[in-house]
There are 2 protein chains.
Amino acid sequence: MSKTSRSVPPRAPTLEDVARAAGLSSMTVSRALNTPQLVRPKTVEKVIAAVKATGYIPNALAGGLASRRSKLIAVVVPQINNNMFVDTIQAISDELAVRGYHMLLCVAGYTQQTEAELVAALLSRRPDGIVLTGIHHSTDLKKVILNASVPVVEIWDLTPTPLDMLVGFSHEKVGQATADYLLRKGYRRPGLLWTVDKRAAQRKAGLCDVLARNGITEPVSVDVALPARFTSGREGMARLLEVGDFDVIVCSSDTLAQGAIIEVQSRGLRVPQDVAVIGFGDLDFAAGNQPAITTVSVDRQIIGQRAATLLADRIEGNSANEQIVDIGFHFVERESA
Amino acid sequence: MSKTSRSVPPRAPTLEDVARAAGLSSMTVSRALNTPQLVRPKTVEKVIAAVKATGYIPNALAGGLASRRSKLIAVVVPQINNNMFVDTIQAISDELAVRGYHMLLCVAGYTQQTEAELVAALLSRRPDGIVLTGIHHSTDLKKVILNASVPVVEIWDLTPTPLDMLVGFSHEKVGQATADYLLRKGYRRPGLLWTVDKRAAQRKAGLCDVLARNGITEPVSVDVALPARFTSGREGMARLLEVGDFDVIVCSSDTLAQGAIIEVQSRGLRVPQDVAVIGFGDLDFAAGNQPAITTVSVDRQIIGQRAATLLADRIEGNSANEQIVDIGFHFVERESA
DNA sequence: TTGTAGGCGTTATCAA
DNA sequence: TTGATAACGCCTACAA
């Protein structure tokens, strides 16, 4: 109705508006905001005052379009609500924040098709870099990624031939180390309590490989659905106790191990005397559990931190010298096995 | 050197390139991709073929700039590696994916200053909506948000005066319900094992309020750092056992409760006979723990799902009828108290 | 140190 | 049903 008070459309202030308020050109305002060292201090002050006065908030869409740098990193994980990945995600987010990037987080599930589609959609955001979980990708995905020539870090696994950069560790070796431990401790009748993802499968392969070479072939394995849950640990252990007589149960994660231990104890049996239990991950409850869980420790935060650093360095031209980072792992002997 | 093979700069194909390949205008290609129902089927086919041939990937920065809709939702949480929030985040992500949005995930920590800065930076991405954890924000943050006139959902808390929309429950009532339960069960010497965030403080207030009205004033409280960890639970319980004689320990989360229970058991005491323990959250191990943990169940996924739905509906003009969603909670009596 | 011109890749709008 | 034109808001490149 009235053309006085609300005649101004509620358009967000632009660089131009700030420039007008400051009596400068929009280019100078842009410089004052992004590269203040190239602008006279007094001018910078003027700009800052004008920004405050106008309530200006930069438009990163426009900025990214013009500069061809989005300051955006896309992160693809199989799941968020997974004790293994959350610490890595948090570390990525923290490190990226320090470097001035934002994190676009996507859940791919555990199928390749989904991941390929997701990444294609993600690329439309023109991220400056991408973090992919794992090293097994569909050929479509690989083609799209390489074609986009965007820096990529694969995490949580190891291969001599990554798409680009990589931060992880060898799951096969984890399995082997676990087998070595079992054999050294004299366990002969192992049972497996396992989730069905690719990395867990590699650990199983390494484990069974060494066991087989030592005369223990095809140990019984009970599979449980992802994500690994305490409940699945209990149920899986219950099934194992029905089908066989084991001296040790190897679990694909500490979460399962904790559930398994409770199940054993609830039957009046003792861990490790009646049946031992081994986990994976060294989650925060592993050391304090009763009995303390023997497990494989992996620095999940370092994975995220290094991944973010590698990407940011590459993007900013401080070309990373090492492209493949093996963060290793270490076996932690505690009470449960 | 040679100007034949590599003379073409590796510029990503644009709408224009697709249009040329299809013998159409870029506008028609844009329509075929976004609103195919407005384009002749045969033309759409041509476009799809040309897209495939050129390897075209849309540029959402340009699209967002032109259309003023980024298809981006910013989510701000205090922490990611927190058992309480991950399920909510995952649910938001899942629901947003279905609706065609991407999630920008930011970690604010537990200080208001950080959150205000983060949101300002986030707004530069021109998100179509924002999810904020909690209802306590700095006045700066509120001003910026309202000024940007972007849809907001606050989650995990309840207030009659949200910034905009809200999905959560009353922490004070959770505390009251817990107190009611304690009193009904005849517990008279409660101790508290608590983290120091705002929402936990509200639960404590509700709890102490009811207790005080029943003659139990200022129960001893041991505070532990965030995030709530199994280890903190054990340590906190150890301190409690040193400073007093309690018949029940109320914990601000199941994670602490689980640690507390183990600590009690490791001393040869029994839960709940020697000391009872109550948790909060009904995390996945609560029901299967030995003893099963008496706790308050909150549907963490629903919070995320409803928040995402509210936002998407609002953005797409299907104006949400209810702006404040109280998802409630329910007390779950099990064995530990 | 500051300013001008032009383009980044897409979509809204209007015309055909 | 399709196309031409003009933004969208910023930054690169160059000039002054």
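**Notes on the predicted two-chain model with DNA**

1. Let's start at the DNA. A phosphate oxygen of DNA strand C sits 3.0 Å from an N or O atom in the side chain of A:S25. Bear in mind throughout that this is a predicted model. The side chain of A:T43 also has an N or O atom by this strand, 2.3 Å from a phosphate oxygen of DNA strand C. Chain B joins in through its backbone: a polar backbone atom of B:N59 is 3.3 Å from a phosphate oxygen of DNA strand C. As for secondary structure, the elements giving two or more residues to the surface near DNA strand C are α2 and α4 of chain A, along with α2 and α4 of chain B. The largest share of that surface is from α4(B), with five residues.

2. Which residues come nearest to DNA strand C? There are 24 residues around this strand, and the nearest are A:T28, A:R31, A:T43, B:S30 and B:Y56. A:T43 is thus on this list as well as being a phosphate contact. Looking at the DNA side, 65% of the atoms of strand C within 4 Å of the protein belong to sugar or phosphate, and the rest belong to bases. By residue type, the surface near DNA strand C divides into eleven nonpolar, nine polar and four charged.

3. Now for the other DNA strand. DNA strand D has 24 residues around it, and A:S30, A:Y56, B:T28, B:R31 and B:T43 come nearest. Sugar and phosphate make up 69% of the strand D atoms that come within 4 Å of the protein. The residues of the surface near DNA strand D split into eleven nonpolar, nine polar and four charged.

4. Some phosphate contacts on DNA strand D are worth finding in the viewer. In chain B, the side chain of B:T43 has an N or O atom 2.3 Å from a phosphate oxygen of DNA strand D. In chain A the backbone takes part: a backbone N or O atom of A:L15 is 2.6 Å from a phosphate oxygen of this strand, and for A:N59 the distance from a backbone N or O atom to a phosphate oxygen is 3.4 Å. The elements that give two or more residues to the surface near DNA strand D are α2 (26-34) and α4 (60-67) of chain A, plus α2 (26-34) and α4 (60-67) of chain B.

5. How are the two protein chains related? A turn of 180° with a shift of 0.0 Å along the axis lays chain B on chain A, with an RMSD of 0.1 Å. The two copies are therefore related as by a two-fold rotation axis. At the interface, 100% of the interface residues of chain B are also interface residues in chain A, so the copies meet through the same surface.

6. Away from the DNA contacts, have a look at the sheet in chain A. Four strands make an open sheet there, in the order β7-β6-β8-β9, with parallel pairing. Why does one side of β7 and of β9 lack a neighbour in the sheet? β7 (221-224) and β9 (276-278) of chain A stand at the edges with a single partner strand each, so one side of each is left without a neighbour. Neighbouring strands of this sheet are turned by 20° against each other on average, direction ignored. Within the sheet, β6 (residues 190-195) and β8 (residues 248-251) of chain A run parallel and are joined by four bridges, with A:G191 opposite A:I249 in β8(A).

7. Chain B has an open sheet of four strands with parallel pairing, in the order β7-β6-β8-β9. Its β8 (residues 248-251) pairs with β9(B) in the parallel sense over three bridges, and B:V248 stands opposite B:A276 in β9(B). Helix α9 (residues 198-213) of chain B lies across β6 (190-195), β7 and β8 of that chain, running at about 165° to β6(B).

8. Finally, a few backbone details to check. B:V271 and B:P272 are joined by a cis peptide bond, with omega about 10°; B:P272 is in the loop between α11 (254-266) and β9 of chain B. The peptide bond from B:Q290 to B:P291 is cis too, with omega near -5°, and B:P291 belongs to the loop between β9 and β10 (295-297) of chain B. Over in chain A, A:K71 is a residue other than glycine with a positive phi, near 60°. Look for A:K71 in the loop between α4 and β1 (72-77) of chain A.

Notes: Residues numbered from 1 in each chain as written. Chains lettered and ligands numbered in written order. Predicted model: local features only at pLDDT ≥ 70, side-chain atom pairs only at ≥ 80, totals over all residues. Heavy atoms only, no water. Pairing = 2+ DSSP bridges. Contact = heavy atoms within 4.5 Å. Axes fitted to C-alpha atoms, helices over the stretch in contact; angles between N-to-C directions. Near = heavy atom within 4 Å. Polar contact = N/O pair within 3.5 Å; in protein donor to acceptor, adjacent residues only side chain to side chain. Nonpolar A, V, L, I, M, F, W, Y, C, P; charged D, E, K, R; others polar. Least-squares fit on C-alpha atoms with pLDDT ≥ 70 in both.
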